[in-house]
Amino acid sequence: HHWPFIELTRNVRSSGKDIPYGPASFIAQQILLMTPLTFPIWLAGLLWLFFSERGRAYRALGWAFAVTFGVFLLAKSKSYYVAPAYPVVFAAGGLALDEAIDRIRQGWLKPVFVVLLLAATALLLPTLIPVLSVDAYLRYQDKLPFALPATERSHLSARLPHHFAWQFGWEEMTAGAARAYYSLPLEERLGAAQLHRGSGDRAGRPARQFEALLRGCAGCRRSEQSVRPPGCEPPGADLPPAEFQPSADLAQAKELALIHQAKA
């Protein structure tokens with residue numbers, strides 16, 4: 001099995017790319033990521049899964065969350081890696097809260113909690129989802145009483161958080177890759193490959209027409225370096241954008257690609 005994700009985090013740490021946060025900072029980032037007002041809910045959910053009589057049947061879910069949280073904490077991973085595990089403890093926390101309110105017979109607290117959660121989520125939503133323009137977001141960010149933590153050293157000088165900053169530049173990167181690819185002679189395209197430094201660079205290939213040339217090739221392999229021979233387009237693949245049309249006849253290109261696949 002080789003535990004590929006643990007190997008990945010070890011390699012990332014060795015590269016010095018990420019900012020290593022200690023346990024206290026990692027937990028603080030979890031609270032901020034899920035919004036502070038929800039912290040009592042998911043903490044109560046975790047305790048409910050481990051210690052309540054009703055939660056006994058679902059205790060395995062508590063262990064799944066605890067192990068996931070602990071592995072990422074010890075591996076000094078990015079804080080958002082834990083995010084997909086939270087629905088489990090949120091659901092348990094809702095049950096724990098519902099039981100507590102019913103015990104004290106104060107049902108009016110339920111809608112109050114809902115309103116508070118919605119208000120807190122609305123206030124912090126722009127930090128998680130791009131609901132504001134860039135200029136509006138920067139003004140909003142400057143007024144926050146806290147600074148959003150950077151996850152990589154390269155982000156320390158950036159104005160935007162990385163999950164927003166990385167949404168810019170993909171079309172230009174794809175256009176540059178297409179220009180380089182179509183500048184090659186047709187025969188060289190068949191053996192061409194793209195070398196990426198990581199998932200961020202690999203995400204710079206989203207243009208539908210250009211991506212169509214990269215699909216369906218026998219022998220194409222996906223790895224951390226994302227090496228793919230762009231000349232291996234399947235018959236019937238979408239044409240590339242008009243400004244990047246290959247000079248060679250498309251039928252000839254497909255014929256050469258099929259011959260290349262047969263040899264592979």
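**Reading the cavities, pockets and cores**

User: How do the residues of the lining of the second largest cavity divide into nonpolar, polar and charged?

Analyst: There are three nonpolar, four polar and three charged residues in that lining. The classes are set by residue type: Ala, Val, Leu, Ile, Met, Phe, Trp, Tyr, Cys and Pro count as nonpolar, Asp, Glu, Lys and Arg as charged, and the others, Gly among them, as polar. The residues sorted in this way are Asp-18, Ile-19, Tyr-21, Phe-26, Gln-29, Lys-76, Ser-77, Lys-78, Ser-79 and Thr-151.

User: What kind of model is this, and which limits apply to it?

Analyst: It is a predicted model, in which local features need pLDDT of at least 70 and side-chain atom pairs count only at pLDDT 80 or more, while totals for chains, interfaces and linings use all residues. Residues are numbered from 1 along each chain as its sequence is written, and side-chain values use heavy atoms, with hydrogens and water left out.

User: What makes a space a cavity, and what makes it a pocket?

Analyst: On a 1 Å grid over the protein atoms alone, a cavity is a set of points where a 1.4 Å probe fits but cannot get out, whereas a pocket is an open set with protein on both sides within 12 Å along at least five of seven lines; a residue belongs to the lining if it has an atom within 4 Å of a point. The structure holds two cavities of 30 Å³ or more, and the second largest has a volume of about 70 Å³, a volume being the space filled by probe spheres set on grid points that are joined across faces, edges and corners. The second largest pocket holds about 540 Å³, and among its 24 lining residues Leu-148, Pro-149, Ala-150, Pro-161 and His-163 lie nearest the centre.

User: Why is Gln-29 called buried or exposed?

Analyst: Buried means under 20% relative accessible area, exposed over 50%, and partly exposed in between, with a 1.4 Å probe and protein chains only. Gln-29 has a value of 8% and is therefore buried. Lys-78, at 6%, is buried by the same test.

User: How do you know that the side chain of Gln-29 makes a polar contact with the side chain of Ser-79?

Analyst: A polar contact is a pair of N or O atoms within 3.5 Å; within protein, one must be able to donate a hydrogen and the other to accept it, and residues adjacent in sequence count only if both atoms are side-chain atoms. The Gln-29 to Ser-79 pair stands at 3.1 Å, and the side chains of Lys-78 and Asp-18 are paired at 3.0 Å, so both distances meet the 3.5 Å limit. Under the general contact rule, heavy atoms within 4.5 Å, and leaving aside neighbours within four places in sequence, Gln-29 also meets Tyr-21 and Pro-149.

User: What makes the largest nonpolar core a core, and which of its residues touch the most other members?

Analyst: A nonpolar core is a set of buried Ala, Val, Leu, Ile, Met, Phe, Trp, Tyr and Cys residues joined through side-chain atoms within 4.5 Å. The largest has 17 residues, of which Phe-26, Trp-42, Phe-65, Phe-69, Val-82, Tyr-86 and Val-89 touch the most other members. Helices H3 (39-51), H4 and H5 each supply at least two of its residues, and H3 gives the most, with five; helices here are DSSP runs (H or I, at least four residues; strands, E, at least two), numbered from the N terminus.
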